[in-house]
Amino acid sequence: MRPTWLRVDGLRTRLVLVFIAIVVIIAGGTAGVVSFMARSWIYSNAQDVATAQFRDELQSLNGMSVDGLTPANLSQVFPSDMTLISGGDVILQGSVDPSTIPPSFDSGLDSTKLIRFERLDSQRILLGMSVYVMDTSSEDGYDDQTLVKAVTVRPLVGVQDKFDDLLRAVGLTLAAGVLVSGLLGLWIASTLVRPLKRLDDAAARAADGDLSVRLPEDGVAELAQVTTTFNNLVARNEAVITGLEESEEQARRFVADVSHELRTPLAALVPVSEILREEIPNLPPDAAAAARIVSSEIGKLARLVEDLIEMSRHDSQQAKLVLDDVDLVELAERTLASRGWTDTVELDAPESISARVDSRRIDVVVANLVGNALRHGSPPVRVELSAESGYAVIAVVDHGPGISPQDRQAVFRRFYKVDTARGRSEGSGLGLSLAVENVHLHGGTIGVDQVDGRTVFTVRLPIDNQYP
């Protein structure tokens, strides 16, 4: 995975690229214009040097005397690279083929006052100038003044080297500009990214529950304002969550207190309900019906109070495991037998599965799951036990109408009842919640699935439980 600062979608990388792009566009364009203008100046300067040198060479020869206009005589006076033309005749051919001289260029050499030049390419220039030569070989004793056209091709000395130096300087300057702009963009981006990174880390800590986190409200004004808003938001959330936690704690304490207070009168009512149940056959019909209702409701109230007390133990983290090596197959058989479910619930299990568990709490888990299947599902109801990869697996299967996907996690919440999916609930809504708490206390997991028209509650318990 690429580092954060190399990611193109990161703020730091984008700012650096923007700064570099701006420098490349502006500096590159400027360098291009300067290079073009400097190139013209370099050529012009080299051209002026070559022209001035050519002029100086010929002006010193203007009006000189020679003993006959012969190639031998003129080659001793004129530079060897010059082509000499007089009266349309080529006297001496140097670096220029007379046939390649443009007519317009040749016609401009009829005066000694002008020097003609024409650039041939990036490295050469065609130069031409006329001078008068005194021919002392005349038989009449007079010196004849003859116009001689001198044409040559001279190199533009140093043009390419200077241009290469210019390009090298421009390239180095542009590279330095890109480097500086990149560092500047990185610095500016860092001043923005660092506060955002701190803000992200603080938000992650707040999301994990650390609502005491606060950030210094300094730096760039806009980011400081964002930091202030974040601090205010976390402070308000901290106040709200603290209030909710206090309210929840008060509610739990209230439920625990009420449950314990109800225990005393229930301790007296339960024996009375048992006596009423025994006397039902001897009572008149109306009194028998009333006694039956009272006895049933007292039993439900007693179970609800016991469930609430057990839940309060889990909430206050006072629920403790009493671990022992237990045969889960025998435990399941006892659970079914003690509740009269042996004839209505199938047991599919090997001869023995040994696990280190709290037998009382696992008995409650199995009883709650089987009771839930009998109340809300449809027969046949089956308890399946197996062992796999260091875990003991207890599955309770029924063939009822099933649980919708959106309710499969909600059924484990306290007092949640799936009325529409599984009929009217007669329980308190705490059975599955207590099953979850007891399974988690063992370090196990519990879940529900719909498989081939069957509802399957699955409990996985570690066989070698190391929980205290």
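Colleague: What share of the contacts in the chain with a separation of 6 or more comes from residues 24 or more positions apart?

Modeller: In this predicted model, residues 24 or more positions apart account for 63% of those contacts, where a contact means heavy atoms within 4.5 Å.

Colleague: Why is Asp327 said to have no salt bridge?

Modeller: The nearest side chain of opposite charge, Arg334, is 7.7 Å away from Asp327, and a salt bridge needs a side-chain nitrogen of Lys or Arg within 4 Å of a carboxyl oxygen of Asp or Glu, so Arg334 does not qualify. Asp327 is nevertheless buried, which means that its relative accessible area is under 20%.

Colleague: What makes the pair Asp327 and Ser352 a polar contact?

Modeller: The side chains of Asp327 and Ser352 are joined at 3.1 Å, and the cut-off for a pair of N or O atoms is 3.5 Å, so the distance satisfies it. A polar atom of the Asp327 side chain also lies 3.0 Å from the backbone nitrogen of Val329. Leaving aside residues up to four places away in sequence, Asp327 touches Glu351, Ser352, Ile353 and Ser354.

Colleague: How do you know that β7 and β9 pair?

Modeller: Four bridges join these antiparallel strands, and pairing requires at least two, so the condition is met. Asp327 belongs to β7, residues 324-327, while Val326 stands opposite Ala355 in β9.

Colleague: Which residues form the covered face of β9, and which the uncovered one?

Modeller: Ala355 and Val357 form the covered face of β9, whereas Ser354 and Arg356 form the uncovered face.

Definitions and conventions. Residues are numbered from 1 along each chain as its sequence is written. This is a predicted model: local features need pLDDT of at least 70, side-chain atom pairs count only at pLDDT 80 or more; totals for chains, interfaces and linings use all residues. Side-chain values use heavy atoms; hydrogens and water are left out. Buried means under 20% relative accessible area, exposed over 50%, partly exposed in between (1.4 Å probe, protein chains only). Lys and Arg count as positive and Asp and Glu as negative; His and the chain ends are not counted. A polar contact is a pair of N or O atoms within 3.5 Å; within protein, one must be able to donate a hydrogen and the other to accept it, and residues adjacent in sequence count only if both atoms are side-chain atoms.
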